[in-house]
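Let's walk through this model together, one question at a time. Keep the structure open beside you as you read.

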Amino acid sequence: MPVRWLRDYVDIAVPLEELARLLTMAGIETEIANDKADAWRHMWVGRITALERVPQSKHLQLATVDYGHGVRQVVTGASNLKEGQVVPYAEVGASYIDGKTGERATLKPTKLLGVRSEGMVMSEKELGLGEDHEGILILNGQHEVGEPLAEALGESVFVCELQPNRADCLGVLGLAREVAAILGADVREPALAHSVSERAADFTVRVEAPDACLRYDAALIRGVTVAPSPEWLQRRLLSVGLRPVNNVVDVTNYVMLETGQPMHAFDRRQLGGGTIRVRRAAVGERLRTLDDVERILDPSVLVIADESRAVGIAGVIGGENTEIGADTRDVVLEVAKFENRGVGRTAMRLNLWTDAARRFSWDLSPELVPFALRRATLLLREVAGGETYAVIDVYPERRVVPNIRMPFTAFRRLLGVELPRDLVTDALRRIGCRYAVDGDLLVVTPPPWRTDINIPEDVVEEAARIVGYDHIPLHIPDGELMLHERHPDVEFRERARDALVGFGLQEVVSHALIDPDWLPHVRPDGTAARPEPLRVTNPTSREQSVVRPTLEPSLLDTARRNLRWASGVALFEIAPVYLPRRADLPDERWTIGILLAGRVHDAPRTWVGGETHTYDFFALKGIVERLADALRIALPELEPGDPALHPGRSALARQDEQVMVRLGQLHPVVAERWALPGETFVAFLDLAFLASRQVPIVAELPSRYPSAYRDVAIVVDDGIGWARVREDARSAAGKTLADLTLLDVYRGPQLPEGKKSFAMRLTFQSREATLADQEIERLVRRVVSRLERALGATLRA
Amino acid sequence: MEDIARAKTVEDIRELRSRLLGKKSELARSLAEVGKLPPEQRRIEGERLNRHKHLLETALDERERAVAARQLDTTLERERIDVTLPGPAARVGRHHPISATIREIVRVFAGMGFETIEGPEVEWDYYNFEALNIPRDHPAREKYATLWVSNPLGDDPQRPMLLRTHTSPMQARVMERRQPPIRVIVPGRCFRYEATDPTHESIFFQFEGLAVDDRLTMADLKGVLYSFARQIFGGDRKIRFRNDYFPFVEPGADVAVDCFLCDGRGCRVCGHSGWIELGGAGMVHPNVLRAVGYDPERWQGFAFGCGVERLSMLRQGVPDLRAFQQNDVRWLAQFPAVM
């Protein structure tokens with residue numbers, strides 16, 4: 001938004017920085033920029049300190065240019081140079097417009113007739129300022145040598161970020177109204193054509209889709225002379241980066257930029273028959289649009305059509321078949337209000353976000369239609385000599401401008417502060433509202449160009465933002481004391497997090513969207529995972545296209561990347577996995593994932609001693625068991641063997657067919673596939689399952705009587721697991737057994753083949769009395785005989 | 001007495017004590033014989049001997065203390081170690097800065113009576129948009145570049161599924177379930193269709209606040225966020241509201257805090273503006289209240305939303321948003337272990 005253009009409609013009496021700040025505070029985030037800062041990078045104000053002929057050349061000259069940051073020699077063919085002149089100088093690397101081809105080019109050092117040339121002195125055309133390529137642009141004495149050219153010749157522009165409810169600010173005039181409201185200034189309205197003609201046009205307009213086209217105005221303008229636009233118009237369009245085309249098209253673009261209302265001009269001769277139809281496209285209907293693309297349409301697209309064919313896509317782009325040409329005499333000018341979301345859908349579907357479509361996709365006021373039409377017809381007469389012969393206005397359902405009735409107390413109710421009434425009414429007047437005060441009641445009629453003020457809350461916001469949000473005081477809420485509980489699942493999860501951190505694990509947070517190829521890669525046989533995961537239909541990349549149903553690949557990937565520089569990692573993540581459900585949102589199951597890989601301590605052995613060693617299954621199991629201790633949960637019985645892990649070094653627990661706990665060594669095939677060490681161990685624990693196994697806490701005082709222990713070693717078949725021994729021993733000993741600890745597992749030459757020995761410590765304690773030796777011996781015998789009977793164990797000598 | 005002065009060890013003194021004061025000592029014998037003396041002499045001799053005994057005892061005690069102290073000094077000297085040697089390695093676990101920051105945030109709001117709740121990350125279009133006054137094809141949807149989700153068990157075209165673009169859907173969900181008064185804080189993961197660069201991630205964390213009762217105002221909103229900003233960034237901070245647009249609030253505001261590094265003078269952290277944007281906020285839009293079946297004449301409230309990583313980036317000087325989910329342990333190890 002060039003500030004100079006803005007000044008056409010409003011006086012800006014404050015510094016631009018201040019205005020930008022005020023606009024930002026009032027809702028339009030605004031920055032000041034220089035319109036040429038990018039285009040004129042590496043260009044400076046320079047002075048010609050010497051000028052000489054290039055030998056063997058009739059018109060080439062060698063100019064010595066001082067540009068404040070150095071002195072360079074450039075070869076130029078321009079004839080208007082004199083020593084001492086101040087000119088634009090472009091360094092090597094600058095981007096300029098080639099005077100002959102009109103294309104953008106990057107400046108390189110050259111040699112002409114054996115003379116080196118470093119940089120250029122620039123003509124208007126090379127700078128993109130105009131068509132003059134005859135001579136170098138001579139600057140007057142106001143510019144200082146060494147000043148960046150953009151600062152010397154560029155214009156200040158506002159870069160505004162509009163919120164999508166402020167369709168009224170899509171044009172310079174709308175922004176000028178906003179500026180005027182903020183500064184308390186007046187708006188200079190642009191001139192409009194006086195009135196519409198009474199004559200009948202030689203065509204009619206039929207809106208066949210009134211839900212999609214809320215207002216359609218068409219003017220028949222006769223006798224235009226299509227030609228290049230006058231310079232002021234061309235410059236205006238160039239200043240915002242639009243290419244001038246011809247006076248008719250330029251006027252439509254200019255009025256769009258000025259008012260925010262897009263419009264389109266058809267060549268009347270090319271419109272067949274006497275009816276303009278606004279209708280839905282037929283299935284498979286074709287239209288070659290102005291961007292020279294053949295488009296195949298369908299009924300979701302609204303088109304403008306003559307009696308036989310489509311001539312434009314409503315609100316998006318015109319058709320080639322009715323384009324304004326050099327010989328166009330009569331013009332049909334279309335100004336309309338299309339239903340904004342429909343235009344947005346069409347632009348999205350065609351991926352064609354033209355300047356018009358962008359504006360139409362916001363909720364422009366239908367009141368803008370006749371306004372912009374009158375503005376455009378005036379300019380068409382001025383710059384193209386066209387006379388407005390007839391105007392048609394189809395507006396079946398007039399928009400009801402709301403009369404918002406509200407008590408003055410609404411301001412205090414929402415803002416928490418009493419705004420003085422005159423401050424409120426002044427603010428409303430400034431933004432163009434009409435209002436009436438009836439006792440404590442305020443009735444507000446928003447200005448016709450604002451479609452976003454409809455309810456009392458909107459009015460409160462308008463007044464507050466003009467007065468300034470700084471007027472709202474700080475207050476700490478009072479009122480009822482909230483009664484609520486801390487969420488038990490969240491609490492449980494946070495305790496699990498703390499416990500794992502306490503065990504020395506590093507927490508990670510990884511992407512919840514993963515590469516679909518990762519899922520088969522965590523399975524030893526490489527088959528696809530079941531059930532299928534949720535997929536992102538419009539992913540940013542394949543690497544983030546699946547909503548992860550497991551934490552496993554993310555953890556493996558994190559470990560792999562860290563093991564490039566570390567010899568060991570101990571990680572955990574607590575995050576949901578997403579399991580699809582029929583006709584419902586997925587089941588988001590919070591899961592604890594743990595990974596241990598490589599060496600226990602990421603350090604060489606040190607003076608403190610102790611060889612470093614790699615993690616093993618029991619390091620992982622120890623963490624899981626200690627986690628259960630810390631959270632006071634009863635771990636479920638684990639079945640050996642998870643087929644997706646190392647089958648002999650893994651275990652799992654299920655509930656209702658679903659695996660709730662799995663842990664073990666990574667399958668060697670998977671480890672190799674992920675370039676992870678063989679000693680990689682993972683555990684996955686379903687958090688809700690764990691939480692359901694919390695043991696009620698009864699904190700008993702310890703027994704007052706002493707405990708006593710006996711160590712026992714038994715020999716059993718190698719196939720018998722410790723868990724069976726432990727359970728049998730416990731049940732045989734009864735509640736007097738306070739603790740049972742495995743001391744050693746032995747296999748070797750001292751035992752027969754296929755046998756192993758468990759050495760265990762049985763600790764006894766009673767709450768009632770000191771245990772007599774005979775009682776302890778009796779319990780030990782009971783344990784041993786149970787193990788002998790149940791497991792075929794023998795007491796080891 | 002000279003023997004006492006010459007004693008070198010506690011053992012020497014123990015021996016001396018026994019020799020000089022023990023049952024078989026000269027002194028003991030003399031004391032035993034005092035009883036045989038005539039009464040007058042007995043008193044004088046008794047007093048003399050007891051004085052002598054006391055003298056010896058005092059000397060022995062004193063010497064024993066001195067010797068013990070010297071012996072302890074010797075022992076301590078012998079036990080001297082190089083305390084500059086490092087201790088053994090122990091793996092220190094750490095919270096990820098995202099979960100640590102979330103915990104800090106909810107702790108601050110808990111102090112103001114806000115309860116922590118969570119909502120689904122895969123959401124219905126309805127809760128992410130429609131219930132928040134953002135109907136289909138609303139131009140505001142452009143701001144929330146959405147990642148859409150397909151269910152392998154079948155999609156319902158009438159009920160599009162998406163990855164929530166903000167934590168705001170929980171506003172509607174919690175109000176559907178409860179009656180005012182409500183004060184909740186909702187931390188969680190969000191998703192946007194976004195090219196990744198140092199300040200943009202397609203997956204990120206936000207926290208949402210919602211408070212509804214019959215009298216909450218924008219001044220209350222300002223007060224709550226002011227208190228939050230001071231607890232997070234320090235007690236000198238100021239807060240700034242400026243007008244902004246979010247379809248689910250009216251009036252709406254952009255919330256900023258003056259830069260904690262430069263005190264608002266302008267520096268690299270605040271982009272030379274003196275202000276650091278925290279997030280969006282505003283009074284809950286009547287249409288949102290209506291969508292959950294609340295009477296907007298009776299209830300009113302405020303809502304706010306803010307990025308989690310952003311807080312951590314500002315406070316811990318993280319230059320690149322992508323670091324959070326890359327999980328380089330060397331990077332993570334720079335955060336404190338205890339939160």
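Q: How many bridges join strand 36 of chain A to strand 38 of chain A?
A: Happy to start there, with the reminder that this is a predicted model. Strand 36 covers residues 708–717 of chain A and strand 38 covers residues 755–764 of chain A. The two run antiparallel, and one of the partnerships is Val712(A) with Met760(A). The number of bridges joining them is ten.

Q: Which strands are at the edges of the open sheet with the order 37-38-36-39 in chain A?
A: This sheet has four strands, and its pairing is antiparallel. An edge strand here pairs on one side only. That description fits strand 37 (737–746) and strand 39 (794–795) of chain A.

Q: What angle does the direction of helix 21 of chain A make with that of strand 36 of chain A?
A: Two helices of chain A are worth a look here. Helix 20 (residues 722–733) packs on the sheet and touches strand 36, strand 37 and strand 38 of chain A, with its direction at about 150° to that of strand 37. Helix 21 (residues 773–791) also packs on the sheet, touching strand 36, strand 38 and strand 39 of chain A. Its direction makes an angle with that of strand 36 of about 15°.

Q: In strand 18 of chain A, which residue is the bridge partner of Val278(A)?
A: Let's move to the open sheet of five strands in the order 12-15-18-19-20 of chain A, where the pairing is mixed. Within it, strand 15 (residues 275–280) and strand 18 (residues 302–305) run antiparallel and are joined by four bridges. The partner of Val278(A) in strand 18 is Ile304(A).

Q: How many of the twelve residues of helix 5 of chain A are buried?
A: Helix 5 spans residues 172–183 of chain A and reaches 16 Å from its first C-alpha to its last, close to the 16 Å expected. Its buried residues include Leu173(A), Arg177(A) and Glu178(A), and what covers them includes helix 2 (16–25), strand 11 (156–161) and helix 13 (456–467) of chain A. Helix 5 is mostly covered, and its count of buried residues is eleven.

Q: How many residues on the side of chain A that touches chain B are nonpolar?
A: In all, 82 residues of chain A are in contact with 75 residues of chain B. On the chain A side, 25 are polar and 14 are charged. The nonpolar residues there number 43.

Q: In strand 3 of chain B, which residue is the bridge partner of Arg535(A)?
A: Here strand 28 (residues 534–536) of chain A pairs with strand 3 (residues 147–150) of chain B in the antiparallel sense, over two bridges. The bridge partner of Arg535(A) is Ser150(B).

Technical notes: Residues numbered from 1 in each chain as written. Chains lettered and ligands numbered in written order. Predicted model: local features only at pLDDT ≥ 70, side-chain atom pairs only at ≥ 80, totals over all residues. Pairing = 2+ DSSP bridges. Contact = placed C-beta atoms within 7 Å. Nonpolar A, V, L, I, M, F, W, Y, C, P; charged D, E, K, R; others polar. Expected span 1.5 Å × (residues − 1). Buried ≥ 20, exposed ≤ 12 C-beta atoms within 10 Å, placed from the backbone. Axes fitted to C-alpha atoms, helices over the stretch in contact; angles between N-to-C directions.
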